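Let's take a walk through this structure, one neighbourhood at a time. Keep the viewer open and follow along.

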Amino acid sequence: MAKERRGTVAELPLLPLRGQVVFPELIVPLQVGREKSLKALNTAIAGDRRMVLAMQKETTADNPGPDEIYAIGTLVEIKQVVKVPDGTMKVVFRGLSRCRILRYTAEEPHFQVEVEELPEVEERTTEVEALMRAVVSQFEDWVKRSKKAPPEALATLVTIDRPGRLADTIAANMPGLRVEDKQAVLEAVSVAERLTRVSELLAREIELLDIESRIQSRVRKQMERTQKEYYLREQLKAIQKELGERDDRATEAEEFRKKIEALGLPPEIHEKAMREVDRLEKMPPMAAEAVVVRNYLEWITSLPWNVETEDQMDLDRAQAILDEDHYGLEKVKERILEYLAILKLKGKVRGPILCLVGPPGVGKTSLARSVARALGRKFVRISLGGVRDEAEIRGHRRTYVGALPGRIIQGMRNAGSKNPVFLLDEIDKMSSDFRGDPAAALLEVLDPEQNHAFSDHYIEVPFDLSNVMFITTANVVWNIPRPLLDRMEVIHISGYTEDEKVEIARRHLLPKQRQEHGLQPHHIEVSENALRRIIREYTREAGVRNLERKLAELCRKVARRIVQGREERVRITAQNLHTFLGAPRYRWGQAEEKDQVGVATGLVYTEVGGDVMPIEVTVMKGKGNLLLTGKLGEVMRESAHAGFSYIRSRVRELGLDEEFHTKVDVHIHVPEGAVPKEGPSAGITMATAVVSALTGRPVRHDVAMTGEITLRGRVLPIGGVKEKVLAAHRARISTVILPKENEKDLEEVPPQVRRRLNFVFVDHMDQVLEVALLEKPQEPELAALPPPVPTPEPQMPQEHGGLPT
């Protein structure tokens, strides 16, 4: 039962509206179906048949709260109610006036609100009269243009002389208005403000109608032109068919269109390709530009836009393939299996970008091929050695004669799938010149955040490389630009130990060479000792490339013997190996044969793995000069000076003359003078050799060392520990001196190598000298000489005035 308060305040039931605004003094039919709304309606019917209609802010909300309902609504009277069989009610409301919701007095079983009636204040000023005329004129124009409003609406406006009702009637009769705009008109209590808003809305709607009309006109003209072209083309086809002629251009264009439709390209790429087909169709067949467009379309239609190979998810099978193809290399195999495991769990994952860094011949390139086989993917390889032109990566623009896409797009076409294993070989061998930097172009290719839309200069549309598994190879990392290196996951592959080389030769290299030379397994047998002797005395490398060449040489000589009928089966042992390969090339055993003064053995890390490097020092009379030869780099020279300064600061402890540096010159030489040498890790080796030369104490020939020296004699950590230790093991060194902080790096060294070497960890130069130097040998005493025998004086002949008788 409605309860009146203070005349203009009343407590009434509320019915929230979805997507509809009811204006005062208008008759509106509505269908009410929500349970809460039906209860509010029944309460109003039981009372004085008045209630409040207010629009809810979110039309999708089934049960809006007070905060989701506009505060300005319409006070209405229920004129007619009809129950529908489906449980809803059709109700006819008549708007009475605007009202403002002051507060919600109840939310259940329906909304009950206290509202304040907002009576209409008539304003008949000059401004209002002008607004009324303008609004009526605009509405007439809108009715003529839109054809959406009923004709009687315009006739109704002529009879309305109240400005407020005029604005409400126009807003209610414009079906294209958004409900938010109608709500804004309802909330405009001032008549002048309401007319202004309606005028602005009419102006906007008229402008939209103009734009819509222009668009329709343009579309109509385009349709007419298209229909005309289609009609003429069909006529031309019919004429050619009657004449028995065939339009090659149309046929070619139609084939390209079918291919493009079958590819399922993204919209922007599809649109560009179709534009090129239209251009091709309009060109003379022999035009130069037609050849360019035809080549472009052939590239577009031959790329694997949506073709993928299915990954093999069986981890055990993948591991078996990797183990079958390569012995060792556990880190890389583990990374590939981890990628497969994540792919199996997640279903889709970005392809990793791996950089395999290691010396030549350790199997980096063949490992990438094995990874593709394990994953069940296509394999593509491009070599970047010597590439110096950015266009090699990104391609040339089509304006150039003979332009082609870059090697990346070419590789994707050769692969025939969008998720191959893509090998970028020798990435550290690239260079740059005036034509650009290819390493900078690779930044986009190898960046997971960018390569989903790789842009080639020739293709000119983005190509997705995010599913590609990129593997790069390099011998060293310092030649790779830092931004490029930062985008890759670096995995270091060290050189092989002797035992690993024997297994690789037995399992892979020897069977491969037998097959390539047409030999059966019973034709040639190589003993394990023979393999070890080849490794020790005929090759010196971190990988197995030269070992394979020596095995190929063995197979060639055995094949000749068998073909000539001299032997049916050849067994090669360590004893008869020299008859096949000749004299050994390398001396296996100690790096130096005996302890020497001024000669110390250092350990170095090069592009071909670790190696031993003797450093020679000699002392001669002079003025204190320090001579350095052997093509040493700046860092290595500074390291030698630091070691020499340390020795001068320790003359008393070393038993040297405090003024020795003013009396002698010291010459440090590193053999193989044609090979550039760089790095600080030879610091303690050079200092040890100098101390040995100055004191006369010999250096142990079975000791090798590596480490950086400071002016205070501290020994700092270095890199490449595993490779250097393997080199020491190959050279039959028994004791290796390493910096104390590198002790943790020994975990990467194979256990069988660690067991055969004695490691001494030092943090000061004094400890190095204590281990590496022997005592000065005693000079042998001179034996007592017999007394001198007196020599008889010669007798002068007597003169007789003639010759002596």
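**A walk through the model**

Helix H2 (residues 126-146) and helix H4 (residues 163-172) pack with their axes 11 Å apart, at an angle of about 25°. That angle makes H2 roughly parallel to H4, because anything under 35 degrees counts that way. As H2 passes H4, the crossing is left-handed. On the H2 side, the contact is made by Val128, Met132, Val135, Val136 and Phe139, and these meet Pro163, Leu166 and Ile170 in H4. Sort that contact of H2 with H4 by class and you get 8 nonpolar residues, with no polar and no charged ones. Bear in mind throughout that this is a predicted model.

Next, go to helix H19 (residues 545-563), which crosses helix H17 (residues 498-516) at roughly 45°, with the axes coming within 10 Å. H17 and H19 are therefore oblique to each other, and their crossing is right-handed. In H17, the residues to pick out are Lys501, Ala505, Leu509, Leu510, Lys512, Gln513 and Arg514; they meet Leu547, Glu548, Leu551, Ala552 and Cys555 in H19. By class, the contact of H17 with H19 has 7 nonpolar, 1 polar and 4 charged residues.

H19 also has helix H18 (residues 528-538) to deal with: their axes come within 10 Å and cross at roughly 120°. So H18 and H19 are oblique to each other too, and H18 passes H19 in a right-handed crossing. Here the contact involves Leu531, Ile534, Ile535 and Tyr538 of H18, plus Leu547, Lys550, Leu551 and Leu554 of H19. The class count for H18 with H19 is 7 nonpolar, no polar and 1 charged. If you are colouring residues as you go, Leu547 and Leu551 are worth a highlight, as they appear in the contact with H17 and in the contact with H18.

Now for a sheet. It is an open one of 5 strands, in the order S9-S10-S13-S8-S14, with parallel pairing. S9 and strand S14 (489-492) stand at the edges, each with a single partner strand, so one side of each has no neighbour in the sheet. On average, neighbouring strands of this sheet are turned by 20° against each other, direction ignored. Lying across strand S8 (353-357), strand S13 (469-474) and S14 is helix H11 (residues 330-346), which runs at about 145° to S14.

Zoom in on the S9 edge. S9 (residues 379-383) pairs with strand S10 (residues 421-425) in the parallel sense, over 5 bridges. Phe379 stands opposite Val421 in S10, and the bridge partner of Ile382 is Leu424. Which side chains of S9 are buried? Val380 and Ile382 are; they point to one face, while Phe379, Arg381 and Ser383 point to the other and are not buried. That fits the general picture, in which the side chains of a regular strand alternate between the two faces of the sheet.

A few backbone details are worth a look as well. Most residues other than glycine have a negative phi, and most peptide bonds are trans. Against that background, Arg49 has a positive phi, near 65°. Arg49 is in the loop between helix H1 (35-46) and strand S4 (50-55), and is partly exposed at a relative accessible area of 30%. Arg732 also has a positive phi near 65°; you will find Arg732 in the loop between helix H24 (721-730) and strand S24 (735-739). Arg732 is partly exposed, with a relative accessible area of 37%. As for the peptide bonds, a cis one joins Glu108 and Pro109, with omega about 0°. Pro109 is in the loop between strand S6 (89-106) and strand S7 (112-118).

One last stop: Lys724, in helix H24. Is Lys724 buried or exposed? Buried, with a relative accessible area of 3%. Leaving out residues up to four places away in sequence, Lys724 touches Leu603, Val604, Tyr605, Gly610, Ser681, Thr706, Ile718 and Gly719. Asp665 is 59 residues from Lys724 along the chain, and the C-alpha atoms of the two are separated by 31 Å.

Notes
Residues are numbered from 1 along each chain as its sequence is written. This is a predicted model: local features need pLDDT of at least 70, side-chain atom pairs count only at pLDDT 80 or more; totals for chains, interfaces and linings use all residues. Side-chain values use heavy atoms; hydrogens and water are left out. Buried means under 20% relative accessible area, exposed over 50%, partly exposed in between (1.4 Å probe, protein chains only). Helices (H or I, at least four residues) and strands (E, at least two) are DSSP runs, numbered from the N terminus. Two strands pair if DSSP finds at least two bridges between them. Axes are lines fitted to C-alpha atoms, for helices over the stretch in contact, and angles run from 0 to 180 degrees between N-to-C directions. Angles under 35 degrees count as roughly parallel, over 145 as roughly antiparallel, 65 to 115 as roughly perpendicular and the rest as oblique. A crossing is left-handed if the near helix is turned anticlockwise from the far one by less than a right angle, and right-handed if clockwise. Contact means heavy atoms within 4.5 Å. Ala, Val, Leu, Ile, Met, Phe, Trp, Tyr, Cys and Pro count as nonpolar, Asp, Glu, Lys and Arg as charged, and the others, Gly among them, as polar.
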